[in-house]
Amino acid sequence: MNNYELTLIVNQDLESRFDIFKESFDKSLSEMGFDIAFTEIIGKRFLAYPIQKNTKGLYIIYQLTGSPAAVSDLDAVNRCGEACGQGV
């Protein structure tokens, strides 16, 4: 098992549904085999540059433990979600 850090930037338009989105994403991480060691909700911040015409985003930082095979699954889920940007 390897340690990973994930910074998720959620579209600011989802602010009213942020808790639901986070719970759903946490469940997805668990289903992929990741253990969530730590979560920090940074909140709304300006982006360094616009992403899909958004200048602000809701930041969440995760510290995860999981297998390297699960990372490719995570990348596929992030690209299909409503998040405006992310990185592992």
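1. A good place to start is Asn11, which sits in strand S1 of this predicted model. With a relative accessibility of 14%, Asn11 counts as buried, because the cut-off for that class is under 20%. Its side chain is not without a polar partner: one of its polar atoms lies 2.8 Å from the backbone nitrogen of Asp13.

2. Next, have a look at Asp26, a residue of helix H1. Is Asp26 buried or exposed? Its relative accessibility is 17%, so Asp26 counts as buried. If you set aside the neighbours within four places in sequence, Asp26 is in contact with Ile36 and Tyr62. Keep Tyr62 in mind, since Tyr62 comes up again in the point on the core.

3. Asp26 also takes part in a salt bridge, and the partner is Lys22. The N to O distance between the two side chains is 2.7 Å. Both residues belong to helix H1, where they are 4 residues apart, about one turn of the helix. Lys22 has a relative accessibility of 15% and counts as buried, and Asp26, at 17%, is buried as well.

4. How many salt bridges does the model have? The count comes to 2. Besides the pair in helix H1, there is a salt bridge between the side chains of Lys44 and Glu15, at 3.0 Å from N to O. Here Lys44 belongs to strand S2 (residues 35-51) and Glu15 to the loop between S1 and H1, so this pair ties together parts that are 29 residues apart in sequence.

5. The surroundings of that second pair are worth a glance too. Lys44 is partly exposed, with a relative accessible area of 33%. Glu15 is also partly exposed, and its relative accessible area is 44%. Both values fall in the range between the buried limit of under 20% and the exposed limit of over 50%.

6. Finally, turn to the nonpolar core. Which residues have the most contacts inside the largest one? They are Val10, Leu29, Phe34, Tyr62, Leu64 and Leu74, in a core of 18 residues. Four elements each supply at least two residues of this core: strand S1 (2-11), helix H1 (18-31), strand S3 (54-66) and helix H2 (68-80). Two of these elements have appeared in the points above: strand S1 holds Asn11, and helix H1 holds Asp26. Tyr62, listed here among the core residues with the most contacts, is also one of the residues in contact with Asp26.

Definitions and conventions:
Residues numbered from 1 in each chain as written. Predicted model: local features only at pLDDT ≥ 70, side-chain atom pairs only at ≥ 80, totals over all residues. Heavy atoms only, no water. Core = buried A, V, L, I, M, F, W, Y, C linked by side-chain atoms within 4.5 Å. Buried < 20%, exposed > 50% of the residue type's maximum accessible area, 1.4 Å probe, protein only. Salt bridge = Lys/Arg side-chain N within 4 Å of Asp/Glu carboxyl O. Polar contact = N/O pair within 3.5 Å; in protein donor to acceptor, adjacent residues only side chain to side chain. Contact = heavy atoms within 4.5 Å.
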